[in-house]
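Hi there,

Here is the structure I promised to pass on. Have a look at it first, and then read on for what turned up.

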Amino acid sequence: MKTSLSILLLSSQFLLTQSAGEGQVCEELITKWTLWSDPHPGLAAKLKVPVTEKITSWAVDFRFNKKFTKLDFFNSAKSADKDGAMFSVVNEEWSGKKEAGDYIKFAMLGDYVEEDSEPIEIDFISLNGNILCGNK
């Protein structure tokens with residue numbers, strides 16, 4: 001009985017410390033995913049991030065499993081990050097206010113380095129610090 005209670009308490013603690021979307025796959029947040037290899041590997045993608053509460057500004061953070069030599073963002077989003085694997089995309093001045101049930105939608109276009117045969121993917125996506133999918 002004492003062992004069962006300890007296991008139950010540890011399980012509960014793990015569930016409380018794990019983010020709501022952590023461990024979930026990110027494909028449902030990706031609405032476009034186009035790859036090419038000539039003259040070098042590139043990606044055109046669109047994300048559709050669900051908003052679950054009223055917000056006045058947003059930051060969508062995500063990490064790829066590949067490094068980009070350049071990555072540009074479009075459709076009401078901007079980023080100081082232009083290369084690497086980790087990106088933080090924020091709203092334009094006019095696109096920050098969102099209601100629960102809205103979506104944050106933006107596009108990206110860029111070139112990445114193909115260092116191995118593993119396909120390119122997004123490791124995680126978070127909105128305002130809350131992981132929606134993947135593992136940080």
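**What turned up**

The chain is built from one helix and eight strands. Please keep in mind that this is a predicted model. Following the sequence from start to end, you will meet the elements in the order α-β-β-β-β-β-β-β-β.

Some totals for the chain may be handy for you. It has 136 residues, and 36% of them count as buried. The exposed area comes to about 8,500 Å², with carbon and sulfur atoms supplying 53% of it. As for contacts between residues at least 6 apart in sequence, 69% join residues at least 24 apart.

Now to the sulfur chemistry. The structure holds one disulfide, and it joins cysteine 26 to cysteine 133, with an S to S distance of 2.1 Å. Where do the two cysteines lie? Cysteine 26 is in the loop between α1 (2–17) and β1 (30–36), while cysteine 133 belongs to strand β8 (residues 130–134), so the bond ties together parts that are 107 residues apart in sequence.

You may also want the geometry: the torsion about the S-S bond of cysteine 26 and cysteine 133 is about 105 degrees, which means that the disulfide is right-handed.

Finally, are these cysteines buried or exposed? Buried means under 20% relative accessible area. Cysteine 26 has 6% relative accessibility and therefore counts as buried. Cysteine 133, at 1% relative accessibility, counts as buried too.

Happy to talk it over whenever suits you.

Best wishes

Methods:
Residues are numbered from 1 along each chain as its sequence is written. This is a predicted model: local features need pLDDT of at least 70, side-chain atom pairs count only at pLDDT 80 or more; totals for chains, interfaces and linings use all residues. Side-chain values use heavy atoms; hydrogens and water are left out. A disulfide is a pair of cysteine sulfur atoms within 2.5 Å. Helices (H or I, at least four residues) and strands (E, at least two) are DSSP runs, numbered from the N terminus. Buried means under 20% relative accessible area, exposed over 50%, partly exposed in between (1.4 Å probe, protein chains only). Contact means heavy atoms within 4.5 Å. Accessible areas come from the Shrake-Rupley method with a 1.4 Å probe; for residues, only the protein chains shown count as cover.
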